[in-house]
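Me: I have a new structure open and don't know my way around it yet. Can you walk me through some of it?
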Amino acid sequence: MPLELVTIACLKDNYAYLLHDTASGHTTVIDVPDAGPILTALASRNWHLDQILLTHHHADHIQGVPELVAATQAAVLGAKADQHRLPPLTRALVEGDTVKIGPETAQVLDVSGHTMGHIAFHLPTSGYAFTADSLMAGGCGRLFEGSPATMWASLGKLASLAPETFICSGHEYTASNLAFAATIEPGNSALTARIERVTLARAEGRATVPSRLSGELATNPFLRAGLLHIKLAVGLPDASDAEVFAEIRRRKDHF
Ligand code: ZN
Ligand code: FE
């Protein structure tokens, strides 16, 4: 049985995620944009929060931590590289570390690019990856601190996970991400079909996350920069994969 996953909408377009193990009662949250909706989700299920995992230092992912810790006394884990700009950590993490989540073990990946020190949590048994603002549904985070080459390498780590992995990303940006994707690859039928599904989901007020990695590999232009037809589409047939990624990211910044 995979861990139970609860997607919690916070603020304007952020997501936090709860992971819960029924047998042990263990509960972990990934990112804390706002304590209120997380406390409500916990209370309605009668769950006690044990652990908070943080992906990166941006306020919209951490600002509810003090209130959530005060209410639950949960442990706080985040990147060692971000220790100076995160709330006080119970434990500082580097790539290759593991974190117990009930009976499961999460692997810590360095997915720097959006920020330097951004980490992701991969649970191979349940098949979840918590990617926040690195790999996103239909897109990737803006490059505030890292180079295109750094982000391309980070996305490569996530792209190599099992294709059925659920990508649990940090924002409801999917519709605009896919509208941009269609400017790069208008003839991609998997992309066209995904846009239809996402449009319907948003019209019904449903979240478009998590998304399957297989679907990202088929439709997310930021994972497809190494394909020859994408290089041709952006006019860079002889460029490196990272250079093509950089060009797609530059275009998205101005979309
Ligand atoms: Zn961010
Ligand atoms: Fe964010």
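**Helix packing and pockets**

Me: How do the axes of H5 and H9 cross, and within what distance do they come?
Reply: This is a predicted model. In it, the axes of helix H5 (residues 174-184) and helix H9 (residues 241-253) cross at roughly 125° and come within 11 Å.

Me: What does that make H5 to H9?
Reply: Oblique, because angles outside the parallel, antiparallel and perpendicular ranges count as oblique. The crossing of H5 past H9 is right-handed.

Me: Which residues make the contact?
Reply: On H5, Asn177, Phe180 and Ile184; on H9, Ile248, Arg251 and Lys252. By class, the residues of this contact are 3 nonpolar, 1 polar and 2 charged.

Me: Switching to pockets. What volume does the largest pocket have?
Reply: About 260 Å³. It is lined by 15 residues, and Arg194, Arg197, Val198, Thr208 and Ser211 are the closest to its centre.

Me: Which element gives the largest share of that lining?
Reply: H6, with 7 residues. Helix H6 (189-203), strand E14 (211-212) and helix H7 (213-219) each supply at least two. The lining has 7 nonpolar, 4 polar and 4 charged residues.

Me: And the second largest pocket, what is its volume?
Reply: About 220 Å³. Of its 15 lining residues, Met136, Cys140, Gly141, Arg142 and Tyr173 are the closest to the centre.

Me: Which helices each supply at least two residues of that lining?
Reply: H5 and H9 do. By class, the lining of the second largest pocket has 4 nonpolar, 6 polar and 5 charged residues.

How values were computed:
Residues numbered from 1 in each chain as written. Chains lettered and ligands numbered in written order. Predicted model: local features only at pLDDT ≥ 70, side-chain atom pairs only at ≥ 80, totals over all residues. Heavy atoms only, no water. Axes fitted to C-alpha atoms, helices over the stretch in contact; angles between N-to-C directions. Helix = DSSP H or I, 4+ residues; strand = E, 2+ residues; numbered from the N terminus. Parallel < 35°, antiparallel > 145°, perpendicular 65-115°, else oblique. Left-handed = near helix turned anticlockwise from the far one by under 90°. Contact = heavy atoms within 4.5 Å. Nonpolar A, V, L, I, M, F, W, Y, C, P; charged D, E, K, R; others polar. 1 Å grid on protein atoms, 1.4 Å probe; cavity = no way out; pocket = protein on both sides within 12 Å on 5 of 7 lines; lining within 4 Å. Points joined across faces, edges and corners; volume = space filled by probe spheres on them.
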